[in-house]
Amino acid sequence: MRPFLMKGHERPLTFLKYNRQGDLLFSCAKDHTPTVWFADNGERLGTYNGHKGAVWCCDVSRDSRRLITGSADRSAKLWDVKSGTLLFTFEFDSPARSVDFAIGDKLAVITTDPFMEQTSAIHVKTISNDPNEQTAESALKITGPRGRINRAVWGPLNRTIISAGEDAIIRIWDSETGKMLNESSKETGHSKTITSLSMSEDGSHFLTGSSDKSAKLWDSRTLTNLKTYVTGSPINAVAISPLLEHVVIGGGQAAGEVTTTHHRAGNFEAKFFHKVLQEEIGGVKGHFGPMNALAINPDGRSFSSGGEDGYIRLHHFDKDYFNIKM
């Protein structure tokens, strides 16, 4: 698989997201400009200019008309995808870490970091069809978890919000009342910071990656731990294939730690595991530094990874990949 090498960011990548149709790829990085690319050939289409800090996360609406981004500049911004126009800015008292549109795009969940006296929080915002009618009001604000919330996504049918982060506990919240419905147990859960969370296509299960060098598959309703995938290095990004029974996991030892471990230098590869059998199928190398972002195209035929090295690598799978026998 010869990758397309996409160089458009000056700083490490933080997040990658395909649109629903799979023809566009959105990237966020520690520079201040979220970028959109053609998902087929890696050609850069444009940038979204307006943030003044690292951009941690983004999501694109189901109709590919709106983009939402969360940044260290203590704001989340709503953009017109096609024109790059800034439609609205949600201001917060602390950095905005994670953003996710609800099914139907009428709501968005945004998490904010602990900062000075502030604790971490989950905010639900109503998204208006008409940008002129957009308000900053929160439909719901949930506080409680200690430490940073690294990801919060909508559960099945928008009835719940699933959050995870520094305290290594996954929580399920009622999206109307904000009441906590369930949380992962110490026995089956992660032992260190949960860095990433990716929902399956049908919303029935999700995958988490952690600094404890494992990724885990969970039932979205019961929070039962279904599978565990173990790697040799901290995990920063995870994704679930919509086509095959595969999950992909990426990360790597931070530069400062490579010399202190007896591991293969850094271990900067995207590892593929069989979702059910939990066995490693193979890996794709290429980044010079930890992998911070992963995304699989909704058609399941290509994937992209973003690294600490500032590059995005876009891979179209070979025919052989679809015939792997376990």
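1. A strand, as the term is used here, is a DSSP run of E with at least two residues, numbered from the N terminus. By that count, strand S23 covers residues 246–251 and gives three residues, the largest share, to the lining of the largest cavity. The model is a predicted one, and the points below should be read with that in mind.

2. Enclosed space. Searching the whole structure turns up two cavities of 30 Å³ or more. The largest cavity holds about 40 Å³ of space, and the volume of the second largest is about 30 Å³.

3. Lining of the largest cavity. Its walls are made by Thr231, Ser233, Pro234, Ile235, Ile249, Gly250, Gly251, Gly252, Asn267, Glu269 and Lys271. Sorted by class, six of these residues are polar, three are nonpolar and two are charged. Glycine is counted among the polar residues, which should be kept in mind when reading that split.

4. Lining of the second largest cavity. The residues here are Pro145, Arg146, Arg148, Ile149, Ser163, Ala164, Gly165, Asp167, Ile169 and Arg171. Strand S15, residues 160–165, contributes the most, with three residues. The class division is four nonpolar, four charged and two polar.

5. A four-stranded sheet. Strands S10, S11, S12 and S13 make up an open sheet, in that order, with antiparallel pairing. S10 (96–101) and S13 (138–143) are the edge strands, each pairing on one side only. From one strand to the next, the twist averages 15°.

6. The S10 and S11 pair. S10 and strand S11 (residues 107–112) run antiparallel and are joined by five bridges. Within this part of the sheet, Phe101 stands opposite Ala108 of S11.

7. The second largest pocket. This pocket contains about 160 Å³ of space. It has 13 lining residues, and those nearest its centre are Phe92, Asp93, Gln118, His123 and Lys141. Strand S12 (121–126) and S13 each supply at least two residues of the lining; both strands also belong to the open sheet of point 5. By class, seven lining residues are polar, four are charged and two are nonpolar.

8. Which strand of the sheet both forms an edge, at residues 138–143, and supplies at least two residues of the pocket lining? That strand is S13, which pairs on one side only and contributes to the lining of the second largest pocket.

Note on methods:
Residues are numbered from 1 along each chain as its sequence is written. This is a predicted model: local features need pLDDT of at least 70, side-chain atom pairs count only at pLDDT 80 or more; totals for chains, interfaces and linings use all residues. Side-chain values use heavy atoms; hydrogens and water are left out. On a 1 Å grid over the protein atoms alone, a cavity is a set of points where a 1.4 Å probe fits but cannot get out, and a pocket is an open set with protein on both sides within 12 Å along at least five of seven lines; lining residues have an atom within 4 Å of a point. Grid points are joined across faces, edges and corners, and a volume is the space filled by probe spheres set on the points. Two strands pair if DSSP finds at least two bridges between them. Axes are lines fitted to C-alpha atoms, for helices over the stretch in contact, and angles run from 0 to 180 degrees between N-to-C directions.
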